[in-house]
Amino acid sequence: MATNKSNGSISIYLALSLTLVLSLLLTIIESCRLNIIKTTAVGTSYMALDSTFGHFATQLLDSYGVFGTFKTEEDFTALLNSYIRKTNKSNIIDFSLNNTTVKNLYKLTDNDGLIFASQVVHYQKYHASFEYIENLIDSDTLDIFKSNNTTSYNFLDDNNSISNDQLSSISDINNSSDANQEHSDIPNNEAEEIKQNLSDKISFIMREALIKTCLDDPEKVSNATISQDSLNVFPSTLCNLSEEAKKAIENKDTSILTSLIDFSLYASYLKEHFSTFTTDLDNSVPIKYQLEYILFGGETDEQILSSSIINIVALRTSMNLAHILSDSSKRTLAYDIANAAVGALPIPFIVELTQLLIMSSWANAEAIIDMRDLFKEKKVPLLKDDSTWTLSLQGVLDLNKTTTSSNPGDTGFTYDEYLYIYLLTTSNFHLYYRTMDLIQLDLCHNVNPDFLMVSCYTAADVKFDFSASPLFTNIFGLLPYSFDTTLLYGYD
């Protein structure tokens, strides 16, 4: 009996097998293609970001060594999208950008100014003079303010008032070290007149005639003014400090950057780019006393210079008071005048308090002489001795513009170096933002009147949404592949 056989079974089997094998191969190829598309999309995104950040403010870089892309967020996003869409495409590696989401744009003014400061330090590493940094690190200034052995003469308690214990300590100094010192017999009315005249003289100079007394030619003081419109858009005005930064300022945390090397680099940057009263760099910043502004602030050059004088005079007054306290003859003379003027009053420590006021006025007057020497580009030692001391008590009463200094001016610190002392004591956040104030003022005045540091981007956190059509599986009507990538990119 014959058996019926099905014809074509082998062909059907081969067709089915080939279909499965071909499906597997095409799936593998499609998977590889998709991975290539994703890798290409990430690379394209990096190149687009790199190209977008290539539109940095050239004058900002050329003049100050700082990178920043000055654009609005809308312009930044549009430029970024245009660079992605300009990418060359092929039929196989074909993808499209669906959406760009800028999650965050980091500005030069962000992070309490630390982004700007970091750029300055990195820039200065390649431009600063190593000899300058070495000298600054080894200078007596840093030794004095960083040493734990520095003698402090602070006569104010936490409430900025003089305590009985401190007055008692002055009394102990008088009793212990002046035992063999001959005291003067000064009439009461004469002592009272000297005390009052000292106070009136110093008060008048500090209130009314400080610049005129300290400068030989006050007419040379710059009359440049920062406009109110400029002040309103300064980084120091627009930017709010973080709670951590505010707490650091409240706690008087005056640490500069993170290390002494960073401080030296930042200080050398300020020295190279910003002028002072005695060193005119002939740069294009509209105000002349630029380092003084960074340290003390102000709206006019006259205000800025006055703030600088007041602060340096205050420092010199404290150091001069230290000299008077260490000089028994000066201290005894101040005590004799105080005792004759108020010794009869039944008030505890009234003599010591009056003595301290007399010594403070004396030290303040000598500080004004020191300020005049600094403006004449002479050096003034931090702690003076008899060879560099100028004024007697009578000399304080006769103090005027013609008073001649006894300081030869060959040892100590210059005016600029006293400013650098204040760099050590000024909040780093104020330094950063006021430095940016001057950079913005310069570029607004000379390049672009609309330039703002708060609109200079240094980094971006961006999410890109892409899609790609299936190549081999499109016959099944599958939807396009969707994928995204998030990149953080910016200037190093």
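Helix axes are lines fitted to C-alpha atoms over the stretch in contact, and the angle between two helices runs from 0 to 180 degrees between their N-to-C directions. The legends below refer to a predicted model.

**Figure 1. Packing of helix α1 against helix α3.** Helix α1 spans residues 9–53, and helix α3 covers residues 73–85. Their axes lie 8 Å apart and make an angle of about 130°. Angles of 65 to 115 degrees count as roughly perpendicular and those over 145 as roughly antiparallel; α1 and α3 are therefore oblique to each other. The crossing of α1 past α3 is right-handed.

**Figure 2. A nonpolar surface patch that includes Ile10.** The patch consists of Ile10, Tyr13 and Leu14. Together these residues have about 370 Å² of accessible area. Ile10 belongs to helix α1. Its relative accessibility is 60%, so Ile10 counts as exposed, the cut-off for that class being over 50%.

**Figure 3. Packing of helix α16 against helix α17.** Helix α16 runs through residues 328–342 and helix α17 through residues 350–375. The angle between them is about 130°, and 8 Å separates the two axes. With that angle, α16 is oblique to α17. The handedness of the crossing between α16 and α17 is right-handed.

**Figure 4. The salt bridge between Lys376 and Asp216.** The structure as a whole contains eight salt bridges. In one of them, the side chains of Lys376 and Asp216 meet with an N to O distance of 3.9 Å. Lys376 sits in the loop between α17 and α18 (393–397), while Asp216 sits in the loop between α9 (210–214) and α10 (228–232), so this pair ties together parts that are 160 residues apart in sequence. Lys376 has a relative accessibility of 44% and counts as partly exposed. Asp216 is also partly exposed, at 48%.

**Figure 5. Salt bridges of Lys330 with Asp327 and Asp386.** Lys330 is in helix α16. Its side chain meets that of Asp327 in a salt bridge of 3.0 Å, N to O. Both of these residues are buried. A salt bridge also joins Lys330 to Asp386, where the closest N and O atoms are 3.3 Å apart. Asp386 lies in the loop between α17 and α18, so the Asp386 and Lys330 pair ties together parts that are 56 residues apart in sequence. What is the relative accessible area of each partner in this second bridge? For Asp386 the value is 54%, and this residue is exposed. For Lys330 the value is 11%, which means that this residue is buried, as the limit for that class is under 20%.

**Figure 6. A salt-bridge network, and Met371 beside Arg316 in the C-alpha trace.** Arg316, Glu366, Asp370 and Lys384 are joined into one network by salt bridges that share partners. Met371 is placed in helix α17. This methionine is buried, with a relative accessible area of 0%. The C-alpha atoms of Met371 and Arg316 are separated by 8.4 Å, although the two residues are 55 residues apart along the chain.

**Figure 7. Pro235 and Gln440.** Pro235 is part of helix α11, which comprises residues 235–238. A relative accessible area of 0% makes Pro235 buried. Along the chain, Pro235 and Gln440 are 205 residues apart. In space, 8.4 Å separates their C-alpha atoms.

**Figure 8. Asp112 and Glu377, two residues with positive phi.** Asp112 is not a glycine, yet its phi is positive, near 60°. Asp112 lies in the loop between β2 (96–107) and α4 (114–125). With 10% relative accessibility, Asp112 counts as buried. Glu377, also a residue other than glycine, has a positive phi of about 65°. The loop between α17 and α18 holds Glu377. Glu377 has a relative accessible area of 61% and is exposed.

Conventions: Residues numbered from 1 in each chain as written. Predicted model: local features only at pLDDT ≥ 70, side-chain atom pairs only at ≥ 80, totals over all residues. Heavy atoms only, no water. Patch = residues over 30% accessible without salt bridge, like charges linked within 9 Å, V, L, I, M, F, W, Y side chains within 5 Å. Areas by Shrake-Rupley, 256 points an atom, 1.4 Å probe, with all protein chains shown as cover. Salt bridge = Lys/Arg side-chain N within 4 Å of Asp/Glu carboxyl O. Helix = DSSP H or I, 4+ residues; strand = E, 2+ residues; numbered from the N terminus. Buried < 20%, exposed > 50% of the residue type's maximum accessible area, 1.4 Å probe, protein only. Parallel < 35°, antiparallel > 145°, perpendicular 65-115°, else oblique. Left-handed = near helix turned anticlockwise from the far one by under 90°.
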